[in-house]
Amino acid sequence: MELFAQDLVNGILAGGIFAVVALGFSLVWGIMNIINLAHGAYIMMGAYTSYVLFSTWHLDPFLSLPLAFGLLYFFGYGVQRFVINYVVRAPLLTPFLLTFGLSLLIVNVALFIFHGDTKGITTQYSGSNISIGTVTIAWTKLWTLVVALIITTGMQAFLTASRTGRAIRAMALDIDAAQLAGVRVSHLYAVVYGLGAGLAGAAGVLISLSYSLQPSMGDPFVITAFVCCVLGGLGTVQGALVGGLLYGVLEAFGSQYVGTGLQDAVALVVLLLVLIIRPRGILGKATA
Amino acid sequence: MGCIRVGGFPALAIAGALALTTAVPAPASAANGTIVFGAALAATGSTAREGELTKEGYDFWKDYVNSHGGIKVADKIYNVDIKYYDDESNPQTAARLIEKLVSEDHVSFILGPYGSANSATAAAVVERLKVPMVEGNGAAASIFSQGYKYTFAVLAPGFKYLQGILEMARTLKPVPKTVAIATANDTFSVEVGQGAADYANAHGMTVVYQNKYPAATTDVSAVVSAIKALHPDMILNGGHLDEALLLQRTFKEQSVNAKIFGYSVGPDTPDFRKTLGKDANWVFGGTQWSPTAKYRGAPGFIGDSNVYAAAFNKQYGHLPEYHNAESTAACLAFMYAIERAGSLDPQKVRDALQHLDVVTFYGILKFDSRGLNVYKPMAVNQIQNGELMTVWPLGVQNAKPAYPTPPWNAR
């Protein structure tokens, strides 16, 4: 019972990060139909932004989060506008390969600048924790979850309440009708891709608080994002959140009760089951 | 003609400058030729960092030998050179490049790639081509269970990695009785964990937890909570740097206390101390070599660990890690074997490697019939107040083990 409660908490805490990781990926995939393989590279860029600001000016990672989000937003906006935009209507495989190439380029530039050394951020409060009964919770992870929830709620508010957000949703529903209604598609595509990159950057900052940094650190998170999107349902904020939390809990229980070596396998088996039983994901809407 | 004149002048100038600088310490210019070694090392990919450390270790030896009179083979003096290719951290690429080094570049001696996986594919190729390879960065005993005759590893094999910590633990008071062992699920790490478990079982300790997690995992919280529930005296990990960092952080986050925290990889890399700061204190690490270990090496190369470390630091601007040292040691095995063989024939050099028995700044270089250096003990390091100290074996230690590790809330 003691273990069960601790694993549940661990899973939810990890799931918060996974949700932010999946959110940007889900937006780009759901709205633009691009499986963005550069997502991991953007996560790495966010993490290194946090590292540079921390090691140079001792800026707390939670404070560098908006900066990393902004930086990656503009970077992503530019990448979409001047690179991906040329192939956005091409068959699925073309942007897929393009983002793969981008990822390789970014990771190798990072390798050139930062070398392959493992880096990390250790703050004054790293590792401090509270105990509730037999369950121990690290403050860093708890705050990370809170920030993850703020980000997802903010994103949801943006998409439902703002004019740009509504235009994005209209574009996702029917791109031609949206265009006829005056939506500037190329600009909005760049906004969506920028948001995707910005959210990846924010996730990178959160990740930098708990994990070590190296240029290829983002790669495993692309698979995580993919699984969370499919689990939760594509293109919606709630889908990413549910997918992320579910993945976190599944992984935690899987590694405790099925076998630590099989933690990924358990989550992937559930993914397969979801694909068979409910292919649109838990919260995904059926398409005609 | 223009090309020759333009190219000729600097060449002459450089030759003159070389003669001036090298004539005094040793007659390097009297070399009768150059022995070219070949190596496929990662310059890109996941082990680019380790590949770079390996290359530094090889190059340090090359520069030292060339500036101290070269290698004596029978009556002739040879300079040395190393031809490198980038194996992109990929075992298949490493194998292909070694084939290229031997068949196209006509290299007769191979210095090993980085890592057990790449060393394993490389070993299969050199065996087929009958060219000796000495490596310092692939310690999985599985490479050496294939009956290969041409691959030699200077480092102690994987199963010994954590045994030094256990040997040391048996001398401490109170003697730790229970052990938890978490390993990554790759061949090498599993071997490290099994070696530790076997040793613990054979010496009256109880292994209360032995489990594998996926290599390069981003989440070890389930492993940590399971270990916490068992309250072991010692917690050992066979894995990689990233996992060691993640485990140590998670142990603190979940307030897991033990008398000994020991890692196969991590504590002796500067990154471990830099990343964790004071949370790295008290941690033990099994290590192949440490700059503070007091070995006395044979003539022909720097015999003292400290002197090696200082000279290396001067050349590369950082102190050598064990990756650097074991790479240099691989070159030394070749150097002593070639000198003893008195020949550049690959077969004769292989035979000399098989019978090599020499102490170097890195420790003993001696191979069993499989090519494994089972004669070399693992040293144990401990981080004490941010400094890496050698605390075991007794003969080479420069500090006493700090024990037991205090609980997190009392540090």
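**Exercise 1. Find out how far apart in sequence the contacting residues of chain A are, then build a picture of the chain as a whole.**

*Solution.* Start with contacts in chain A between residues at least 6 apart in sequence: 77% of these join residues at least 24 apart. Keep in mind that this is a predicted model.

Next, take stock of the secondary structure. Chain A contains 11 helices and 2 strands. Their sequence order reads α-α-α-α-β-β-α-α-α-α-α-α-α.

Now check the overall dimensions. The radius of gyration of chain A is 19 Å, close to the 19 Å from the globule rule for 288 residues, so chain A is as compact as a globular protein of that length. Its C-alpha trace spans about 60 × 50 × 35 Å along the principal axes.

Finally, look at burial, where a residue needs 20 or more other C-beta atoms within 10 Å of its own to count as buried. In chain A, 52% of the 288 residues are buried.

**Exercise 2. Work through the same steps for chain B.**

*Solution.* Begin again with contacts between residues at least 6 apart in sequence; in chain B, 67% of them join residues at least 24 apart.

The secondary structure of chain B consists of 12 helices and 15 strands. For its 411 residues, a compact globule would have a radius of gyration near 22 Å, and the 22 Å of chain B agrees with that. The C-alpha trace of chain B spans about 80 × 40 × 40 Å along its principal axes. As for burial, 55% of the 411 residues count as buried.

**Exercise 3. Divide chain B into its domains and describe where they touch.**

*Solution.* Each domain is written as two stretches of sequence: domain 1 covers 30–156 + 292–366, and domain 2 covers 160–287 + 378–410. Taken over C-alpha atoms, the centres of domain 1 and domain 2 of chain B are 30 Å apart.

The contact involves 12 residues of domain 1 of chain B and 13 residues of domain 2 of chain B. On the domain 1 side, these residues divide into 7 nonpolar, 3 polar and 2 charged.

**Exercise 4. Trace the sheet of 7 strands in chain B, from its edges to one pair of residues.**

*Solution.* First write down the strand order of this open sheet in chain B: S8-S7-S9-S10-S11-S14-S15, with mixed pairing. Its edge strands are S8 and S15 (387–392) of chain B, each pairing on one side only. Direction ignored, neighbouring strands are turned by 25° against each other on average.

Then zoom in on one pair of strands. S11 (residues 284–287) and S14 (residues 379–384) of chain B run antiparallel and are joined by 4 bridges. To place yourself in the structure, find Gly285(B), whose bridge partner in S14(B) is Asn381(B).

**Exercise 5. Describe the side of chain B that touches chain A.**

*Solution.* Count the participants first: 31 residues of chain B and 31 residues of chain A take part in the contact.

Now see which elements of chain B give two or more residues to this side. They are helix H2 (48–67), strand S8 (206–213), helix H7 (221–230), helix H8 (241–253) and helix H9 (270–276) of chain B. The largest share comes from H8(B), with 7 residues. You have already met S8 of chain B as an edge strand of the sheet in Exercise 4.

Last, sort the residues by chemical character: the side of chain B that touches chain A has 12 nonpolar, 10 polar and 9 charged residues.

Methods. Residues are numbered from 1 along each chain as its sequence is written. Chains are lettered from A and ligands numbered from 1 in the order in which they are written. This is a predicted model: local features need pLDDT of at least 70, side-chain atom pairs count only at pLDDT 80 or more; totals for chains, interfaces and linings use all residues. Ala, Val, Leu, Ile, Met, Phe, Trp, Tyr, Cys and Pro count as nonpolar, Asp, Glu, Lys and Arg as charged, and the others, Gly among them, as polar. Two strands pair if DSSP finds at least two bridges between them. Axes are lines fitted to C-alpha atoms, for helices over the stretch in contact, and angles run from 0 to 180 degrees between N-to-C directions. The radius of gyration is taken over C-alpha atoms; the globule rule is 2.2 Å times the number of residues to the power 0.38. A residue is buried if 20 or more other C-beta atoms lie within 10 Å of its own, exposed if 12 or fewer, and partly exposed in between; C-beta atoms are placed from the backbone. Two residues are in contact if their C-beta atoms, placed from the backbone, lie within 7 Å. Domain bounds come from an automatic or database domain assignment.
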